[in-house]
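Please open the model in your viewer and keep the selection panel at hand. The tour moves from the chains as a pair to the contact between them, and then to the DNA.

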Protein chains: 2
Amino acid sequence: MPNPRKPAPAGAEHAPLELEHFLPYKLSILSNTVSQAIADDYQQRYDLSVTEWRVMAVLARFHGLSAREVAERTAMDKVAVSRALARLVEAGRVHRETHGGDKRRSVLSLTEAGWLIHDDVAPMARAREREVLAKLDAEEQQWLTRILDKLLAH
Amino acid sequence: MPNPRKPAPAGAEHAPLELEHFLPYKLSILSNTVSQAIADDYQQRYDLSVTEWRVMAVLARFHGLSAREVAERTAMDKVAVSRALARLVEAGRVHRETHGGDKRRSVLSLTEAGWLIHDDVAPMARAREREVLAKLDAEEQQWLTRILDKLLAH
DNA sequence: ATGTTATAGTTACAAATGAAACTAATTGCA
DNA sequence: TGCAATTAGTTTCATTTGTAACTATAACAT
C-alpha cells in the first residue's frame with residue numbers, strides 16, 4: 001500500500017489551475033492592491049481602518065442612516081459596522097442619536113471632525129482611482145465600467 | 001465654540017464618494033463575491049481554507065517549490081504560507097523535505113491525498129469562473145482579460 | 001577563519017474578524 | 001391584551017491575521 005504522505009508524481013492528467021490566468025485570482029490581486037494603496041493614504045495619518053473609512057464614506061453620502069442601513073450600503077456585516085461605529089463615535093467622528101419613533105434604531109451622521117477627515121481622504125481616494133484608470137485608454141475605461149456593472153448586476 | 005461631537009450639516013461642498021460608482025469598491029465587492037462562491041465549494045467539504053487551497057494550487061502547477069517561492073506565486077506573505085503549510089503537512093496533503101544543498105529551504109509537493117483533493121476542487125473552481133464569464137458576451141470577455149492584464153502588469 | 005549580513009522559515013503576541021448568543025425594543029397576530 | 005416572532009444592535013468567545021522578533025543556515029567580505 002502506498003504511503004499517502006509521500007510526494008506523488010504529477011501526471012499530465014491533473015490539469016492544475018494556472019493562477020495567473022484565472023479570473024478570480026486576478027480580481028483578488030488587483031482589488032487588494034488598489035484597496036491597500038488607498039488605505040495607506042489614511043491609515044496611519046488618521047488611525048482609521050478600512051472598515052471605518054467605508055462607514056464614514058456612506059455617512060457622508062447618505063444622511064441619518066441607521067447602523068443596519070450602513071451595513072447594507074457597505075456590504076459589511078452588522079457586527080463589523082457596530083464595532084466601527086463604536087470607535088468612530090468614541091473618537092468624535094460620528095454622532096449617534098436614537099430614532100424618535102423606534103428606540104432600537106440609531107440615527108447617524110458625521111461630526112465636524114468627521115467631515116474634516118472625509119474632506120481630506122475622499123480626494124485622495126479619487127486620486128488613487130484615477131491612477132488606476134490612467135493605465136487604460138478611454139475605450140478600455142468604458143468597457144471596464146460596463147463589464148463590472150454587468151458582473152455586479154443582481 | 002461649536003461642539004465637535006454634534007452632527008454637522010452636510011453642505012454641497014463635501015463631494016462624498018459614490019461608492020456604487022467607485023472602481024476600488026466595485027472591484028472589492030466582485031472579488032469577494034467570486035472568491036467566496038469558490039470557497040463555499042470546498043471549505044466545509046475538505047476543511048480547507050482559501051489560503052491552503054491557493055498553496056495547493058501552486059504546488060499542483062509547479063513542482064518542488066520552496067515556501068518562499070509559494071509565497072511569491074500566491075502573493076501571500078511568508079507567515080501565512082508557513083501556517084498553511086503546517087496544516088497541509090499535518091493533514092498529509094503536502095509532502096515537505098529539505099533541500100539537499102541548503103538546509104533552510106523546503107522542497108514541497110502534493111501527496112496522493114493532496115492530488116485527490118486538487119483534482120476534485122480545481123474543476124469546481126473552473127466551473128465558477130465559467131459562471132462569472134457566462135454573464136458576458138465574447139467581446140466583453142476579451143476586453144476583460146485584456147484590461148485586467150494591463151492593470152496587473154508590473 | 002571569523003565576523004557581518006542576508007535568507008528561509010517559525011514562533012509569539014496583539015489586533016482584526018466571524019459566528020453565535022444575548023439584550024432590548026417592536027411588530028404581528030390569535 | 002398578551003405572547004411569539006422579528007428586528008436593531010452589542011457582547012462574548014474562538015479563530016484568523018498581521019507584525020515583529022526569533023532560530024537556523026548560508027553567503028559575503030575582510
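Copies are superposed by least squares on the C-alpha atoms of residues with pLDDT of at least 70 in both. The model is a predicted one, and the pLDDT limit refers to that prediction.

**First stop: chains A and B**

Select both protein chains. Chain B is superposed on chain A by a rotation of 180° with 0.0 Å of shift along its axis, at an RMSD of 0.1 Å. The two copies are thus related as by a two-fold rotation axis.

**Second stop: the contact between the chains**

Select the residues through which the chains touch: 72 residues come from chain B and 71 residues from chain A. Of the interface residues of chain B, 99% are also interface residues in chain A, so the copies meet through the same surface. The size of an interface is often given as the accessible area lost when the parts come together. Here the area buried between chain B and chain A is about 6700 Å², and carbon and sulfur atoms give 65% of it.

Next, display the polar side of this contact. Between chain B and chain A there are 8 salt bridges and 18 residue pairs in polar contact, with both residues at pLDDT 80 or more. For one salt bridge, centre the view on Asp149(B) and Lys26(A), whose side chains meet at 2.8 Å, N to O.

Now colour chain B by element. The side of chain B that touches chain A receives two or more residues from each of α1 (23-46), α2 (50-61), α3 (67-74), α4, β2 (106-110), α5 (112-133) and α6 (138-152) of chain B. That side of chain B divides into 39 nonpolar, 13 polar and 20 charged residues.

**Third stop: DNA strand D**

Select DNA strand D and the 18 residues around it; which of these come nearest? They are Arg68(A), Ser82(A), Arg104(A), Ser106(A) and Arg83(B). The residues of this surface divide into 3 nonpolar, 4 polar and 11 charged. On the DNA side, 55% of the atoms of strand D within 4 Å of the protein belong to sugar or phosphate, and the rest to bases.

Zoom in on three side chains of chain A:

- Ser82(A) has a polar side-chain atom 2.6 Å from a phosphate oxygen of strand D.
- Arg96(A) places a polar side-chain atom 2.8 Å from a phosphate oxygen of strand D.
- Arg83(A) has a polar side-chain atom 3.5 Å from a base oxygen of strand D.

Finally, highlight α3 (67-74) and α4 (78-90) of chain A together with α4 (78-90) of chain B, the elements that give two or more residues to the surface near strand D. The largest share, 4 residues, comes from α4(A).

Technical notes. Residues are numbered from 1 along each chain as its sequence is written. Chains are lettered from A and ligands numbered from 1 in the order in which they are written. Side-chain values use heavy atoms; hydrogens and water are left out. A residue is near a molecule or strand if one of its heavy atoms lies within 4 Å of it. A polar contact is a pair of N or O atoms within 3.5 Å; within protein, one must be able to donate a hydrogen and the other to accept it, and residues adjacent in sequence count only if both atoms are side-chain atoms. Ala, Val, Leu, Ile, Met, Phe, Trp, Tyr, Cys and Pro count as nonpolar, Asp, Glu, Lys and Arg as charged, and the others, Gly among them, as polar. Contact means heavy atoms within 4.5 Å. Buried area is the accessible area (1.4 Å probe) that two parts lose on being put together, summed over both. A salt bridge is a side-chain nitrogen of Lys or Arg within 4 Å of a carboxyl oxygen of Asp or Glu.
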